Amino acid sequence: MSTKIPIGPFHIGLEEPIYFKIDLEGETVKDVDMINGFVHRGIEYLAMQKNFFQNLILTERVCSLCSNNHPFTYVMAVEKIAGIEVSKRANYLRVVADEVKRIASHMFNLSMLAHLVGFHSLMTQTMEAREIMQDIKESIWGNRMDMSANTLGGVKYDLDEGQIEYILRRLDELEPQVDELMDIYFNHKIVKARTVGVGVLPKEDALRLGVTGPTARGSGVNNDIRAKAPYAAYDELKVNVMLEESGDVHARTKVRWREIKESIRLVREAVTNLPEGPYVLDKRPHIPAGEAVTRTEAPRGELIYYLKADGRQKPERMRWRVPTYMNWEALRVMIPGNKLSDVAVIFNSIDPCISCTER
């Protein structure tokens, strides 16, 4: 018997408001339609009312979980227009902040997966391990979410020997917990029963839809911007791209855990090989007329900023394209053919950020 079921826009299984119209045949999803627009804030327009320095604060508030990537990509665009060369030390410090944020973001998404499959002790264990990264953020940057690490011409923070020793000690504490959690997420029967063969996105569809981030890499598409078009210090630190081939929720889970291990390595390498030199310019730069496009690898995938300046101290135009915008359409491939109870699990597997997308 055919049935139409609504999920959302506000639902316990959804992190953010979105409305699914589900066509069911028995318990199996035959078709899905998705409607968004519930959290539009006009933030992109607001950015053009602020000066270039005020937008450092505003762009960090586009999204909480990948909040570092927005100002990071934004300052790269401003610096490109102004012809600013950032010091080597600042570029290493930018990588440290970004990878710390990536670990925390991935672990939050994975804990939500444990919650959605009903493995609540695993969710608790994952969130407890993630607290180590929250402690690092609070100790080094003074905030558990918005780190305010980036500024025009460099970064707002430096690391001394004591802080580097603290970061390394906390990563040594985190890594064995990550190894233990990986074994559970990869092999436990509860997780495998709800993720293996669920929400499959074949490689050809991933390429056709242009999906990004772990959503793409779980389907075997190597498009990590840190490796494909290195920026900051990634050309020296060399990112190992994590790929899986099965394209299901389990594959995207494995990609995120392996990227956490790689981020731990990158942070260790960056802080132990931190170059000498200044970490920020001595004076505020003037931003001339011009336009630029920059991109970074946010936790959810490729983040693109377009900026146009006309010589005044406010952007004439600024736009950003976030990973969820590209990954969203893949849900129309992933969800049909699965059970109704799998919809929230599949939705979580693209690590959606609706607030980012409805700019």
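**Figure 1. Trp141 and Tyr157 are both buried in this predicted model.** The two rings form an edge-to-face pair, because their planes stand at 70° with the centres 5.2 Å apart. The pair links distant parts of the chain, 16 residues apart. Trp141 belongs to helix α5 (residues 120-141). Tyr157 lies in the loop between β5 (154-155) and α6 (161-187). Beyond its neighbours within four places in sequence, Tyr157 is in contact with Leu93, Arg94, Val96, Ala97, Ile140, Trp141, Ala149 and Tyr279.

**Figure 2. The largest nonpolar core holds 86 residues.** Trp141 and Tyr157 return here, among the residues that touch the most other members. Phe20, Ile136, Leu174 and Trp257 complete that group. Helix α4 (residues 88-116) gives the most to this core, contributing 14 residues. A second core, of 29 residues, is separate. Its members include Leu56, Leu65, Cys66 and Tyr305.

**Figure 3. Phe72, Tyr231 and Tyr234 make up one aromatic cluster.** Across the whole structure, a search finds six aromatic pairs. In the pair of Phe72 and Tyr231, the ring centres are 5.7 Å apart and the planes meet at 70°, so the arrangement is edge-to-face. This pair also links distant parts of the chain, with the two positions 159 residues apart in numbering. Phe72 sits in helix α3 (residues 69-82). Tyr231 sits in the loop between α10 (225-228) and α11 (234-237). Phe72 has 1% relative accessibility and counts as buried. Tyr231, at 7%, counts as buried too.

**Figure 4. Two charged side chains sit over aromatic rings.** The charged end of Arg284 lies over the ring of Phe53, 4.0 Å from the ring centre. For Lys254, the ring beneath the charged end is that of Phe186, with 5.6 Å to the centre.

**Figure 5. Strands β1, β2 and β3 form an open antiparallel sheet, in that order.** The edge strands are β1 (2-7) and β3 (28-35). Each of these pairs on one side only. From one strand to the next, the twist averages 20°. Six bridges pair β1 with β2 (residues 19-25) in the antiparallel sense. Within β2, Ile22 stands opposite Ile5.

**Figure 6. A second view of three strands shows the open sheet β6-β7-β8, with antiparallel pairing.** β6 (290-298) and β8 stand at the edges with a single partner strand each, so one side of each has no neighbour in the sheet. Here the twist averages 15° from one strand to the next. β6 and β7 run antiparallel and are joined by nine bridges. Val293 has Tyr306 in β7 as its bridge partner. Helix α3 packs on the sheet and touches β6, β7 and β8. The direction of α3 makes about 150° with that of β6. Phe72, from the aromatic cluster, is carried by this helix.

**Figure 7. β7 and β8 form a hairpin with five residues between the strands.** Strand β7 covers residues 301-309, and strand β8 covers residues 315-321. The two run antiparallel, joined by six bridges. Ile304 stands opposite Arg321 in β8. Gly311 in this hairpin takes a positive phi near 100°.

How values were computed. Residues are numbered from 1 along each chain as its sequence is written. This is a predicted model: local features need pLDDT of at least 70, side-chain atom pairs count only at pLDDT 80 or more; totals for chains, interfaces and linings use all residues. Side-chain values use heavy atoms; hydrogens and water are left out. Rings of Phe, Tyr and Trp (its six-membered ring) pair if their centres lie within 6.5 Å; planes under 30 degrees apart count as stacked, over 60 as edge-to-face and the rest as tilted. Helices (H or I, at least four residues) and strands (E, at least two) are DSSP runs, numbered from the N terminus. Buried means under 20% relative accessible area, exposed over 50%, partly exposed in between (1.4 Å probe, protein chains only). A charge sits over a ring if NZ of Lys or CZ of Arg is within 6 Å of the ring centre and within 35 degrees of the ring normal. Two strands pair if DSSP finds at least two bridges between them. Axes are lines fitted to C-alpha atoms, for helices over the stretch in contact, and angles run from 0 to 180 degrees between N-to-C directions. A nonpolar core is a set of buried Ala, Val, Leu, Ile, Met, Phe, Trp, Tyr and Cys residues joined through side-chain atoms within 4.5 Å. Contact means heavy atoms within 4.5 Å.
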